[in-house]
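Reader: I am in my first year and would like to learn how to read one part of a model slowly. Please choose a single residue to begin with, and then lead me from there to the part that deserves a close look.

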Amino acid sequence: MACWLYEGLLLCGVVFIAGYLFGALSQTRNALDNRHALQAFLFVVFGIYFTWFWARGQTLAQKTWRIRVLDRAGNPPTQVRALLRYVLSWLWFLPPLAVAAPFSLSGEEAAVAVLGWVALWAVLSRFHPQRQFWHDALAGTRLVRCEIPKK
């Protein structure tokens, strides 16, 4: 989970550059204009970021924490499998957001729902036979710890 938080910090730079590019290309003057288009654009940008790095085995944050993404055969996932992992990783957030939308929950209530679901989803990994996250199991990938190379 610490790697996940570090990944979020690194994504701030990706969001900044992508948001600047989107704003310049769409001539958006107000942050609320084209909000849904920006969200869709960021979804695609994140997909490209994660798919590209996972197909090579690890993101920048995963390198720091010495974690690799591998397929069932022990190789880095293909681009298609990495994209599937990205789409399935949204199971961390979409269920509580889908429940919050029709009930018009406030920002604080939605945040509690998302945090509660993230905690529950993380705990559910303990029930998997190999103790991996369910989106990894569904995508045919797994996270493994890298060994420090000996000099």
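Author: Gln27 lies in the loop between helix 1 and helix 2, where helices (H or I, at least four residues) and strands (E, at least two) are DSSP runs numbered from the N terminus. Please keep in mind that this is a predicted model, in which local features need pLDDT of at least 70 and side-chain atom pairs count only at pLDDT 80 or more, while totals for chains, interfaces and linings use all residues. Residues are numbered from 1 along each chain as its sequence is written, and side-chain values use heavy atoms, with hydrogens and water left out.

The backbone of Gln27 has a phi near 55°, which is a positive value in a residue other than glycine. Gln27 counts as partly exposed because its relative accessible area is 49%; buried means under 20%, exposed over 50%, and partly exposed in between, with a 1.4 Å probe and protein chains only. Arg66 also has a phi near 55°, again a positive value in a residue other than glycine. Arg66 sits in the loop between helix 3 (60-64) and strand 1 (67-71), and its relative accessible area of 34% is why Arg66 is called partly exposed.

Before going further, it helps to have the whole chain in view. Its secondary structure comes to 7 helices and 2 strands, and along the sequence these follow the pattern α-α-α-β-α-α-α-α-β. The C-alpha trace spans about 50 × 35 × 25 Å along its principal axes, and of the 151 residues of the chain, 33% count as buried.

The part to look at closely is the largest pocket, which holds about 970 Å³ of space. A pocket is found on a 1 Å grid over the protein atoms alone, as an open set of points with protein on both sides within 12 Å along at least five of seven lines, in contrast to a cavity, where a 1.4 Å probe fits but cannot get out; lining residues have an atom within 4 Å of a point. The volume is the space filled by probe spheres set on the points, which are joined across faces, edges and corners.

The largest pocket is lined by 30 residues, and Trp4, Arg85, Phe133, His135 and Leu143 are the ones nearest its centre. Several elements share in this lining, since helix 1 (2-26), helix 2, helix 4, helix 7 (134-139) and strand 2 (141-145) each supply at least two residues. The largest share comes from helix 1, with 5 residues. Sorted by class, the lining has 16 nonpolar, 7 polar and 7 charged residues, where Ala, Val, Leu, Ile, Met, Phe, Trp, Tyr, Cys and Pro count as nonpolar, Asp, Glu, Lys and Arg as charged, and the others, Gly among them, as polar.

Two of the residues nearest the centre of this pocket, Arg85 and Phe133, can be followed further. Arg85 forms a salt bridge with Asp136, in which the closest N and O atoms are 2.4 Å apart. The pair joins distant parts of the chain, with Arg85 in helix 4 and Asp136 in helix 7, 51 residues apart. A salt bridge here is a side-chain nitrogen of Lys or Arg within 4 Å of a carboxyl oxygen of Asp or Glu, and by this rule the count comes to 1. Both partners are buried: Arg85 counts as such because its relative accessibility is 4%, and Asp136 because its value is 1%.

Phe133, by contrast, belongs to the loop between helix 6 (107-124) and helix 7. Phe133 counts as partly exposed because its relative accessibility is 21%. Its C-alpha atom is separated by 7.1 Å from that of Ala122, and the two residues are 11 apart along the chain.

For contrast, consider the second largest pocket, which has a volume of about 430 Å³. Its lining is made by Gln39, Ala40, Leu42, Phe43, Phe46, Trp90, Phe93, Leu97 and Val114. Here helix 2 gives the largest share, with 5 residues, and the lining divides into 8 nonpolar residues, 1 polar and no charged. In the lining of the largest pocket, as described above, 7 residues are charged.
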